[in-house]
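Colleague: I have a new model open and would like to learn how to read it feature by feature. Could you walk me through it?

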Amino acid sequence: MNETIKGLRRSCYCGELGEANIGEEVTVFGWCQRQRDLGGLIFIDLRDRTGIVQLAFGGDTQEETFRKAASVRSEYVLAAVGEVRRRDGNVNDKMATGAVEIAVRELRILSEAQTPPFEIGDGRKVREELALKYRYLDLRRPSLQANMLMRHKIARTAREYFYENGFYELETPMLIKSTPEGARDYIVPSRVHRGCFYALPQSPQIYKQLLMLSGFDRYIQLARCFRDEDLRADRQPEFTQIDLEMSFVDTDDVMDMLEGFIVRLMKDVMGREITGKLPRLTYAEAMDRYGSDKPDTRFGMEITNITDLVKDSGFGVFSSAAASGGSVRAIVAENAADVLTRKEIDRLTEHAKGIGAKGLAYIRWVDEAPSCSFGKFLGEGELEGITGRLSMKRGDVALIVADADGVTLPTLGALRLMLGKKLGLTDENRFDFLWIVEFPFFEYNPETGGWDAMHHPFTMPLEECLPYLETQPGKVRAKCYDLVVNGVELCSGSIRINDPALQEKMFDLLGLGKEEIENKFGFLVEAYKYGAPPHGGAGIGLDRLAMILCGADSLRDVICFPKVQNAGEVMSSCPAPVSEIQLEELGITVRPEE
């Protein structure tokens, strides 16, 4: 029979107790982590969200209370009243409360529990599917509770910082019109408007721009966003953005505001000081040096261009790549010859081919002189010239790719990250933030022979690039900025177009007809006719930020009830069929899968 808490009120949390509380009478609530019955002594480890404290029952405990303690099992929900005292000779240095215990005079069993399907605690191995099926139990683990606390602290700091800087927290709709934003929409049928559908927002993009047109000047929202796309470790179909927009600003104004938030966050949440401005790289520089627009700068191994040294060599792979407008580039893994054996290099070669490269050349310096996979094609002094350019020394290994830049750079960028992990070059306790700016505005599409937008259609080009919009789209750069940490994109933003004529021109360049523009963006185009301030903003991925700061491997570790690879939730068996009555009300017929 479960007891009630009538007459009891928590005086403190379990993990808060220490030697300063000795002699105090306290009331605590929590779950039984473990019960140990030693005959004349019983100990219960009581757990709440702050930690564990030991409850002690012995010779001075009333018989009924002692008998009740003996009946307690794992995960029973308990209330305990007693005096905090010092542990006698059995201090537990592994527990924050390990120097004290509570001598219990009153114990209430508030709820009994069945034996859980797995032990609640860190360090145990449980199949992920089982853990997610009983997610409410999995969430009792101290590590997951710590992750959710971190997420809470990030959200609190965000609100406090942006409030202090004059932002209004405003809500945008969850049921909106479907507009193209790069991913597939989740759609919601309307019962009232049969045959019509709402979309769940991929972001609050259009509405926050309308808020700037409405004169609110500074907007902030912890916005729920939805994208129907294939999942990865750092993707979920529903996620949270720290979303913001500012009026009467240019690129530096938005970036400085975001940078201030990161400085504040790292100090308040992580206890780390960031001094000086965050480094900035243009997109072109990032690709040229790291082969990625979200580089991990915690280690070197930067890409080196050796095209000029090998363009006339006897090795046809190199000379033909140079002749066709491509390049020959390399990365050097220092002191890695023992790890990167010929067999391991063969594995890396297969990986490079999987990315799109035709192959992988190498120089491996083990003995007095370096050996390489293409040495027989080189003339006198050419190998020395390459190793000199790469600053190679004995023990180093160079990996070389020759192809179009669109293949060479991302291939070496991916190999660089693989080797960084394999060789232990990434410091997991380090946070390297940097900005990537001046992204290309258009991306060439070889299938259509045209140019596609790399960003949403409201992005402003750099002023000096406006003359190239129609004549040389490959030269146009955008007023975009991404914030990257440890190789993960945390934030993406841009300055928006506020000139109706330029916006109409951008729609035209992107191949949007007048009817399509009217159907999808008509209300925004109309709004721009009534005075739009210069404005820009960004969205910071709260889930990703929490994942990075927690050192977690997956977004699932920082979301209370995450989805799995097929976008389903194991615990509630969601998504699930609905009744024929509901479908009839919506005018929907489900066609059986063939």
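Colleague: Let's start with a helix. What should the 18 residues of helix α12 span, at 1.5 Å a residue?

Modeller: Happy to help, and please keep in mind that this is a predicted model. At 1.5 Å a residue, helix α12 (residues 405–422) should span 26 Å, and its end C-alpha atoms are 25 Å apart, which agrees.

Colleague: Which residues of α12 are buried, and what covers them?

Modeller: The general idea first: an α-helix has 3.6 residues a turn, so residues three or four places apart point the same way. In this case the buried residues are T408, L409, T411, L412, G413, L415, R416, L419 and G420. Their cover includes the helices α7 (283–290) and α10 (342–355), along with the strands β13 (327–333) and β16 (397–403). Look also just past the end of α12, where G424 adopts a positive phi of about 65°.

Colleague: Let me step back to the whole chain. How many helices and strands does the protein have, and what share of its residues is buried?

Modeller: There are 16 helices and 22 strands. Of the 594 residues, 47% are buried. The C-alpha trace spans about 95 × 75 × 55 Å along its principal axes. For the contacts, take those between residues at least 6 apart in sequence: 68% of them join residues at least 24 apart.

Colleague: Now the interior. Which residues touch the most other members of the largest nonpolar core?

Modeller: In soluble globular proteins, nonpolar side chains tend to be buried together. Here the largest such core has 65 residues, and I154, F162, I242, F261 and F433 touch the most other members. Helix α6 (residues 251–270) gives the most to this core, with nine residues. A second, separate core has 24 residues, among them V53, L55, V84 and V104.

Colleague: What is I242 in contact with, leaving aside its neighbours within four places in sequence?

Modeller: I242 is in contact with I154, A158, F162, I220, Q221, F261, A538, G539, I540 and L542. Compare that list with the residues that touch the most other core members: I154, F162 and F261 are named there too.

Colleague: And at the surface, which residues make a nonpolar patch?

Modeller: M174, L175 and Y198 make one of about 260 Å². L175 sits in the loop between β6 (168–169) and β7 (187–189). Its relative accessible area is 43%, so L175 counts as partly exposed. For the protein as a whole, the accessible surface comes to about 30,300 Å², and 49% of that belongs to carbon and sulfur atoms.

Colleague: Let's turn to charges. How many salt bridges are there?

Modeller: Side chains of opposite charge can pair when their charged atoms come close. The count here is 51 salt bridges. A good one to begin with is R34 with D45, at 3.7 Å from N to O. R34 is in strand β1 (residues 25–37) and D45 in strand β2 (residues 42–48), eleven residues apart. R34 is partly exposed, with a relative accessible area of 44%, whereas D45 is buried at 7%.

Colleague: What about R496: which residue does R496 form a salt bridge with?

Modeller: The partner is E245, with the closest N and O atoms 2.9 Å apart. R496 lies in the loop between β21 (488–495) and α13 (500–509), while E245 is in strand β10 (residues 238–247), so the pair ties together parts that are 251 residues apart in sequence. R496 is buried, with a relative accessible area of 2%, and E245 is buried as well, at 0%.

Colleague: Is K208 buried or exposed, and what does K208 touch?

Modeller: K208 is buried, with a relative accessible area of 2%. K208 is found in helix α5 (residues 205–213). Not counting residues up to four places away in sequence, K208 touches Y219, D243, L244, E245, R496 and A538.

Colleague: Which residue forms a salt bridge with D268?

Modeller: That is R264, with the closest N and O atoms 2.7 Å apart. Because D268 and R264 are four residues apart in helix α6, about one helical turn separates them. D268 is partly exposed, with a relative accessible area of 44%. Salt bridges can also join into a network, as they do for D252, D256, E259, K277 and R280.

Technical notes:
Residues are numbered from 1 along each chain as its sequence is written. This is a predicted model: local features need pLDDT of at least 70, side-chain atom pairs count only at pLDDT 80 or more; totals for chains, interfaces and linings use all residues. Side-chain values use heavy atoms; hydrogens and water are left out. Helices (H or I, at least four residues) and strands (E, at least two) are DSSP runs, numbered from the N terminus. The expected span of a helix is 1.5 Å times one less than its number of residues. Buried means under 20% relative accessible area, exposed over 50%, partly exposed in between (1.4 Å probe, protein chains only). Contact means heavy atoms within 4.5 Å. A nonpolar core is a set of buried Ala, Val, Leu, Ile, Met, Phe, Trp, Tyr and Cys residues joined through side-chain atoms within 4.5 Å. Patches are made of residues with over 30% relative accessible area and no salt bridge: like charges are joined within 9 Å, nonpolar side chains (Val, Leu, Ile, Met, Phe, Trp, Tyr) within 5 Å. Accessible areas come from the Shrake-Rupley method with a 1.4 Å probe; for residues, only the protein chains shown count as cover. A salt bridge is a side-chain nitrogen of Lys or Arg within 4 Å of a carboxyl oxygen of Asp or Glu.
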